[in-house]
Amino acid sequence: MASERPTPPVARPVVHRDVVCPFCGLGCDDLTVEEEPPSTLAVRSTDCPVARERFSRTPPAESPRVAGVPVPLMEAVEAAAAVLAAAQAPLVAGLGTDVNGARAALSLAERLGAVIDHALSDGLYRNLSVLQRTGWIATTLAELRNRCDLLVVAGPDPAALHPRLFERWVAPAPAFQTPPSREVVFLCGAPLDSTLAALSNLPVTILPGDPARVGDVAAALAAALAEPSRAAGAAGIAAEDIAALAERLRKARYAVVAWAAAAFASPHADLTVERLVQLVRDANRHTRCAGLPLAGHDNVVGVNQVCTWRFGVPLRTSLAGGAPLHDPHRFAWARYAAVADAVIWVSAFRPEVPAFPAGQTVIALAPPGTAFADEPAVFIPVGTPGIDHAAHVFRSDTVVALRARGLIDRGLPDAATVLKAIAAALPEEAPAC
């Protein structure tokens, strides 16, 4: 009688707990991620659309390409170095990478005399331009959770960009001390359904108005703070509502005004930010108040931190003249790409690369599966920070650098390794006379 073969055990998925999400500026560090062979990831602990979508993008590794032809890695590195060595006006941009990748990219840019910028710097510069002009009073996510008793959300709901903001930092009980109460006011922006669900146990006030005119509302609030009898309506919000919110601000123990500048649609969004910063400053004449500027997808805050400590100036800087030259208008990547003769684009967090001007020579470092409008001169697939390799990324409030660990091994190099290899393959600089 034939013996029955034992049934092989069913492989269980590997469960990774307390995973750091490197994709959004909140840096949530409580994710549970399941790994199923071969190298498939799924987030199980949250419905955050950013985390779920980004962690699920794990196609198999693919070969580098030169002019569309698969080649070994070192051949692609040497081709990239040859292109960059001949460039007279190179651009090192995208910069969607971790801290080590940023350091390597900026070192390469310094060697080339290139212009440097991050793909998502528009929202960042709506805030930085105000910080440069006037300074500001800003707070952290931990201070928001532990001290804030009045949160004023200005403009579109930041949860559209940072889905777990209210779940993680507003709704939970404070970790260190408890304010007597907490109220959330939405100013010229309708909260998302997910936001209202997260805030179901807190009092919420919605003051609907024109989101493009939230700066006008900030100015009206500042005037009402200084002199209640001067309260006037603005952007569709009635004068009595402006007066009531000004009085609530005046009586708050620790008020926070939060905004996501990348969501502002007005043509002069930095002036909107400046009005909000001035409102915070005026509120501090009566109580304690701070701003919370939210930014940070694809580690834009971290890359800007690296740039600032390396060169003493932020992104949108040229390294061509022997000393860093910072010009937020001239050296914005989308503008400079029109005159650059070679672009090295780093996008380790997402498989999307913008369309460049026709005929532009592009060297792309991006995840496998990246789709291009036009095949780049050189494409080198790289691993995603926090998925393929360990990485450090900065949180939106700039005070915390989080370490994300690697989860899977697809055999992909990290961006820092590739960038260092390209720099090493460049011809030796001629000695000074």
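This is a guided tour of a predicted model, going from the whole chain to two helix pairs and one residue.

**The whole chain**

Begin with the full chain in view, where there are 13 helices and 19 strands to find. If you turn the C-alpha trace along its principal axes, it spans about 90 × 75 × 35 Å. The chain has a radius of gyration of 24 Å, which agrees with the value near 22 Å that a compact globule of 433 residues would have. Colouring by accessibility would bring out the buried residues, which make up 53% of the 433 residues in the chain. If you consider the contacts between residues at least 6 apart in sequence, 66% of these join residues at least 24 apart.

**Helix 3 and helix 13**

Next, select residues 99-112, which form helix 3, together with residues 415-425, which form helix 13; their axes come within 8 Å and cross at roughly 20°. Because angles under 35 degrees count as roughly parallel, helix 3 and helix 13 are roughly parallel to each other. The crossing of helix 3 past helix 13 is left-handed. To see the contact itself, show the side chains of Asn100, Gly101, Ala104, Ala105, Leu108 and Arg111 on helix 3, and then those of Ala416, Leu419, Lys420, Ile422 and Ala423 on helix 13. Sorted by character, the residues of this contact between helix 3 and helix 13 are seven nonpolar, two polar and two charged.

**Helix 4 and helix 10**

Now move to helix 4, at residues 121-134, and helix 10, at residues 269-283, which pack with their axes 8 Å apart and at an angle of about 55°. That angle makes helix 4 oblique to helix 10. Here the crossing of helix 4 and helix 10 is right-handed. Helix 4 contributes Arg126, Asn127, Ser129, Val130, Arg133 and Thr134 to the contact, while helix 10 contributes Ala269, Asp270, Leu271, Val273, Glu274, Val277 and Arg281. The residues of this contact between helix 4 and helix 10 divide into five nonpolar, three polar and five charged.

**Leu276**

Stay on helix 10 for the last stop and select Leu276, which has its place in that helix. Leu276 has a relative accessible area of 1%, and it is therefore buried, since buried means under 20%. Which residues does Leu276 touch, not counting those up to four places away in sequence? Show Ala154, Ala218, Val257, Trp259 and Phe264, and you will have the residues that Leu276 touches beyond those sequence neighbours. Finally, draw a distance from the C-alpha atom of Leu276 to that of Pro172, 104 residues apart along the chain, and the separation is 26 Å.

Methods:
Residues numbered from 1 in each chain as written. Predicted model: local features only at pLDDT ≥ 70, side-chain atom pairs only at ≥ 80, totals over all residues. Heavy atoms only, no water. Axes fitted to C-alpha atoms, helices over the stretch in contact; angles between N-to-C directions. Helix = DSSP H or I, 4+ residues; strand = E, 2+ residues; numbered from the N terminus. Parallel < 35°, antiparallel > 145°, perpendicular 65-115°, else oblique. Left-handed = near helix turned anticlockwise from the far one by under 90°. Contact = heavy atoms within 4.5 Å. Nonpolar A, V, L, I, M, F, W, Y, C, P; charged D, E, K, R; others polar. Rg over C-alpha atoms; globule rule 2.2 N^0.38 Å. Buried < 20%, exposed > 50% of the residue type's maximum accessible area, 1.4 Å probe, protein only.
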